[in-house]
Amino acid sequence: MISTDINEEIEKCTLRAESAGTVTAVNATVGSRPSETVATIQNTNTLKVAISIEEYDMQSVEVGMDAIITSDATDVEMHGTVTQISPVASTQGMGSSSSTFSAEVEITDPDENLLIGMNAKVEIIVSSIEDVYTVPYDAVGEDENGNKVIYVQNTQTQEFEPVIVTVGEENDYYIEISGDTLEDGMVVRASANEEEATDTDTQAAQEGFPGGDMNIAMPDGGNMGPGGGQMGGGMQGGGGRP
């Protein structure tokens, strides 16, 4: 019969996690005394992505902002929230002219195919606009009177004609436009510069906001920038690992 003292000693040898999760690493072997951490437990239900933010973007980012997460491992677009931003810049290598700040984004609806250690891309939404038209940045030009214009294809002559618009929010690729004559389905020249865009190639690129369908006439042999026509104030926060 085992004594009470031995039972107590055995009880002390039982490892119990202080929080729920999945064992992702075991650093001990049977018959040997562990010298460091015995096991690593991680919460796979609450995934976070570690990202780096450039110093010139720091004034635009704050904890609580929404984010969009994508990964080559899954076709599902996930959503998240910025939960932590370091107040101290990360160490830069030789010759670097700018600093970066580490941050974390918690994924609120993780896909089951996204696993710990995989690479992911994060876009932090610094602002968003709904029910507006957006066009490539280069599609907006100025007429001789200083008015902002886009070039819309005439459905009868097939020629591109200037239409005065009011511009709004913009990012690196797209700019918001508004105007009384704008309608869904219009074909807009991808560049205000006639030498850079022709009417011979009219691949449709649907604008990315609800209620704003507008086709973009592409330059010869050219491509749209990243985003496929969506503006929305997305700012790339840098690659990271869940």
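# Exercises on a predicted model

In strand E3 (residues 48-54), Val49, Ile51 and Ile53 turn to one face and are buried, while Lys48, Ala50, Ser52 and Glu54 turn to the other face and are not buried. The structure is a predicted model, and the exercises below refer to it.

## Exercise 1

Determine which side chains of strand E3 are buried, and identify the partner strand of E3.

Solution.

Step 1. Strand E3 spans residues 48-54, and its side chains alternate between two faces. In a regular strand such alternation between the two faces of the sheet is the general pattern.

Step 2. On one face, the buried side chains are those of Val49, Ile51 and Ile53.

Step 3. E3 is joined to strand E6 (residues 100-107) by seven bridges, and the two strands run antiparallel. Within E6, Val105 is the bridge partner of Val49.

## Exercise 2

State which strands supply at least two residues each to the largest nonpolar core.

Solution.

Step 1. The largest nonpolar core contains 20 residues, and Ile51, Ile69, Val122 and Ile124 have the most contacts inside it.

Step 2. At least two residues of this core come from each of E3, strand E4 (66-71), strand E5 (74-85), E6 and E7. E6 gives the largest share, four residues.

Step 3. Another core, of 13 residues, lies apart from this one; Val165, Ile177, Met186 and Val188 are among its members. In soluble globular proteins, nonpolar side chains tend to be buried together.

## Exercise 3

Classify Lys121 as buried, partly exposed or exposed.

Solution.

Step 1. Lys121 is located in strand E7 (residues 120-125).

Step 2. The relative accessible area of Lys121 is 35%. Buried requires a value under 20% and exposed a value over 50%, with partly exposed in between. Lys121 is therefore partly exposed.

Step 3. Although Lys121 and Ser71 are 50 residues apart along the chain, their C-alpha atoms are separated by 6.0 Å.

## Exercise 4

Describe how strand E13 is covered and how it pairs with strands E8 and E12.

Solution.

Step 1. Strand E13 (residues 174-178) is mostly covered, with four of its five residues buried.

Step 2. Strand E8 (residues 133-136) runs antiparallel to E13, and four bridges join the two. Pro136 stands opposite Tyr174 of E13.

Step 3. Strand E12 (residues 166-170) also pairs with E13 in the antiparallel sense, over three bridges. Here Thr166 stands opposite Ser178 of E13.

Step 4. E12 and E13 form a hairpin, and three residues lie between them.

Note on methods:
Residues are numbered from 1 along each chain as its sequence is written. This is a predicted model: local features need pLDDT of at least 70, side-chain atom pairs count only at pLDDT 80 or more; totals for chains, interfaces and linings use all residues. Side-chain values use heavy atoms; hydrogens and water are left out. Buried means under 20% relative accessible area, exposed over 50%, partly exposed in between (1.4 Å probe, protein chains only). Two strands pair if DSSP finds at least two bridges between them. A nonpolar core is a set of buried Ala, Val, Leu, Ile, Met, Phe, Trp, Tyr and Cys residues joined through side-chain atoms within 4.5 Å.
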